[in-house]
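Let's take a walk through this structure, one stop at a time. Have a look at the sequence and the 3D view before reading on.

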Protein chains: 2
Amino acid sequence: MGTTKTEAFTEADLTLATYAKALAHPARVAILRILLERNSCICGDIVEELPLSQSTVSQHLKELKEAGLIKGDIDGKKVCYCIDAEAWKHAQLLMQQIFASYTLCGTSCC
Amino acid sequence: MGTTKTEAFTEADLTLATYAKALAHPARVAILRILLERNSCICGDIVEELPLSQSTVSQHLKELKEAGLIKGDIDGKKVCYCIDAEAWKHAQLLMQQIFASYTLCGTSCC
DNA sequence: CTTTCTAATCGTAATATTACGATGATAAAA
DNA sequence: TTTTATCATCGTAATATTACGATTAGAAAG
């Protein structure tokens, strides 16, 4: 128990859920906004922007990386993070699709 | 420990994270798709559509309701669930905004 | 080499999530 | 009233998440 029944769902739903999960914590949303704001890549000043410890930020960065939304390039001592364009667009598309599928029919009950 | 530092984040980030969290499980994505597909409201046949127990589905429905994305109206013995139009559009807007803020600048490094 | 800086990882504690069976509540049907 | 059907909630077990301090690994600086 306690584990998601992965095999029970479609690939699309699993993928969308993965992207959504990456956005499912305010710290990760904040990190993404920092990366989006400065179109140039940002290293670990993210830690200074947020009231979280370095290890916690690093953990959130890892999750964003595992979801595919960001990439990290080692640049000497520092590590440069940025949005992964392809994954970002893919996530955007999946989100657009599910949200748009409502406005298509329009009428609802309840 | 173990608890999110809610006070550390902006209202927008917290709200977006809440909506994202609702989409962060494939079962909930699947439930939303069922509700989206049939533009008429659906009751608990959702349980039959998914390979999950009734109590598990009910729990997921509760989370979707708490996130605000769906509403549930009691209709005799059955309960009729459907998308909450306002919240849906709000979530759509927040998602659109954060995703669109990338394509605006375009160029990235890494 | 040693120190320093940056960032990942480890270890751990608190809390949250996921899933299910069992039980409870309410409304329709008998 | 008793039964049946529908759905929520409780209780519980397994697992995952969140957060932090401490440690580790690697590169640059001294």
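What follows starts with one arginine and then moves on to a DNA strand.

Keep in mind that this is a predicted model. Our starting point is A:Arg28, which you'll find in helix α2 of chain A, the stretch covering residues 26–37. A:Arg28 counts as buried because its relative accessible area is 7%, and the cut-off for buried is under 20%.

So who are the neighbours of A:Arg28? Setting aside residues up to four places away in sequence, A:Arg28 touches A:Lys21, A:Ala22, A:His60, A:Glu63 and A:Leu64. Two of these can be looked at in more detail: the A:Arg28 side chain gets to the backbone oxygen of A:Lys21 at 3.1 Å, and it also makes a polar contact with the side chain of A:His60, at 3.0 Å.

Those two partners lead us to the DNA. A:Lys21 and A:His60 are among the closest of the 30 residues that surround DNA strand D, along with B:Gly2, B:Ser58 and B:Tyr81. Sorted by class, that surface has 16 polar, 8 charged and 6 nonpolar residues.

Which part of the strand meets the protein? Of the strand D atoms within 4 Å of the protein, 62% belong to sugar or phosphate, and the rest to bases. On the phosphate side, polar side-chain atoms of B:Lys5 and A:Thr56 lie 2.8 Å and 3.1 Å from a phosphate oxygen, respectively. For a base, look at A:Ser55: an N or O atom in its side chain is 3.3 Å from a base nitrogen of strand D.

Finally, the largest share of the surface near strand D, 5 residues, comes from α4 of chain A.

Key: Residues numbered from 1 in each chain as written. Chains lettered and ligands numbered in written order. Predicted model: local features only at pLDDT ≥ 70, side-chain atom pairs only at ≥ 80, totals over all residues. Heavy atoms only, no water. Helix = DSSP H or I, 4+ residues; strand = E, 2+ residues; numbered from the N terminus. Buried < 20%, exposed > 50% of the residue type's maximum accessible area, 1.4 Å probe, protein only. Polar contact = N/O pair within 3.5 Å; in protein donor to acceptor, adjacent residues only side chain to side chain. Contact = heavy atoms within 4.5 Å. Near = heavy atom within 4 Å. Nonpolar A, V, L, I, M, F, W, Y, C, P; charged D, E, K, R; others polar.
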